[in-house]
Amino acid sequence: MNLDFDVDPLFSWYVVLLAISGIALLVIGAINVGGLKLGWRALNVLVGLGFAGYAYYLAFVFDGSTYTIFFKAFILPVLLIINAVKALVTRSQAPAAPAAPPFQPNAQYPPQGGQYPQQGAPYPPQGGQYPQQGAPYQQPSPYQAAAPAAPAAPYQPPAPPQG
């Protein structure tokens, strides 16, 4: 193992910070901590795998004598963690959506009299008046223009007197 805080503390802390950042990003991406979208979660997982993998490489595989430390690399995990915290705070402060009104399949606006028709009753005639209670309702045909309710009988001349 390459971690020795007595010999090279800067390298050892760099590897520890890489591992902590990688694990934190993996946790944030694996469980939906702040309601992050799928793309942000995937980015967190990918960057977390990269950081944790590089920390593993430096801690257990690396055997060189020189190395370069990139502290600028810690900007990305910090920004991703800030984004997750921001999404969590925004989600917790968002007001709950108002409840939808109950579904009413045949709800109509009331006619001029202010009364709703009975369930399953047809729409009222053009005047907006419903027939009296118990009277059958006759749907007017759209092709008739204000015809009387019953057709008049044809004219028949009076019969001659029989005698």
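These notebook entries record what I looked up in the predicted model.

**Entry 1: confidence**

I began with the confidence of the predicted model. The mean pLDDT of the protein is 74, and 64% of its residues reach 70 or more. I then went through the elements. Helix H2, residues 38-61, has the highest mean pLDDT, at 89. The lowest among the elements, 81, belongs to helix H3, residues 75-93.

**Entry 2: H1 against H2**

I next examined how helix H1, residues 9-30, packs on H2. The axes of the two helices are 7 Å apart, and the angle is about 150°. Since angles over 145 degrees count as roughly antiparallel, H1 is roughly antiparallel to H2. I noted the crossing of H1 past H2 as left-handed.

I listed the residues that make this contact. From H1 they include Phe11, Tyr14, Val15, Leu18, Leu25, Leu26 and Ile28. From H2 they include Arg41, Asn44, Val45, Val47, Leu49, Phe51, Tyr54 and Leu58. Glycine appears on both sides, with Gly22 and Gly29 in H1 and Gly48 in H2. By class, I recorded 18 nonpolar, 5 polar and 1 charged residues in the contact of H1 with H2.

**Entry 3: Phe11**

I singled out Phe11, which is in helix H1 and takes part in the contact with H2. Is Phe11 buried or exposed? Its relative accessible area is 5%, so I entered Phe11 as buried. Beyond its neighbours within four places in sequence, Phe11 is in contact with Asn2, Leu58, Phe62 and Tyr67. I also looked up its separation from Ala59, which is 48 residues away along the chain. The C-alpha atoms of Phe11 and Ala59 are separated by 9.5 Å.

**Entry 4: Ser12**

I turned to Ser12, which also lies in helix H1. Ser12 has 0% relative accessibility and therefore counts as buried. Which residues does Ser12 touch, not counting those up to four places away in sequence? I found Leu3, Asp4 and Phe5.

**Entry 5: H1 against H3**

Finally, I examined H1 and H3. Their axes come within 10 Å and cross at roughly 30°. Angles under 35 degrees count as roughly parallel, and H1 and H3 are therefore roughly parallel to each other. H1 passes H3 in a left-handed crossing. On the H1 side I noted Ser21, Ala24, Leu25 and Ile28, which meet Pro77, Leu80, Ile81 and Ala84 in H3. The residues of this contact divide into 7 nonpolar, 1 polar and no charged. Ser21, Leu25 and Ile28 of H1 are also listed in the contact with H2.

Methods:
Residues are numbered from 1 along each chain as its sequence is written. This is a predicted model: local features need pLDDT of at least 70, side-chain atom pairs count only at pLDDT 80 or more; totals for chains, interfaces and linings use all residues. Side-chain values use heavy atoms; hydrogens and water are left out. pLDDT is the predictor's confidence in each residue, from 0 to 100. Helices (H or I, at least four residues) and strands (E, at least two) are DSSP runs, numbered from the N terminus. Axes are lines fitted to C-alpha atoms, for helices over the stretch in contact, and angles run from 0 to 180 degrees between N-to-C directions. Angles under 35 degrees count as roughly parallel, over 145 as roughly antiparallel, 65 to 115 as roughly perpendicular and the rest as oblique. A crossing is left-handed if the near helix is turned anticlockwise from the far one by less than a right angle, and right-handed if clockwise. Contact means heavy atoms within 4.5 Å. Ala, Val, Leu, Ile, Met, Phe, Trp, Tyr, Cys and Pro count as nonpolar, Asp, Glu, Lys and Arg as charged, and the others, Gly among them, as polar. Buried means under 20% relative accessible area, exposed over 50%, partly exposed in between (1.4 Å probe, protein chains only).
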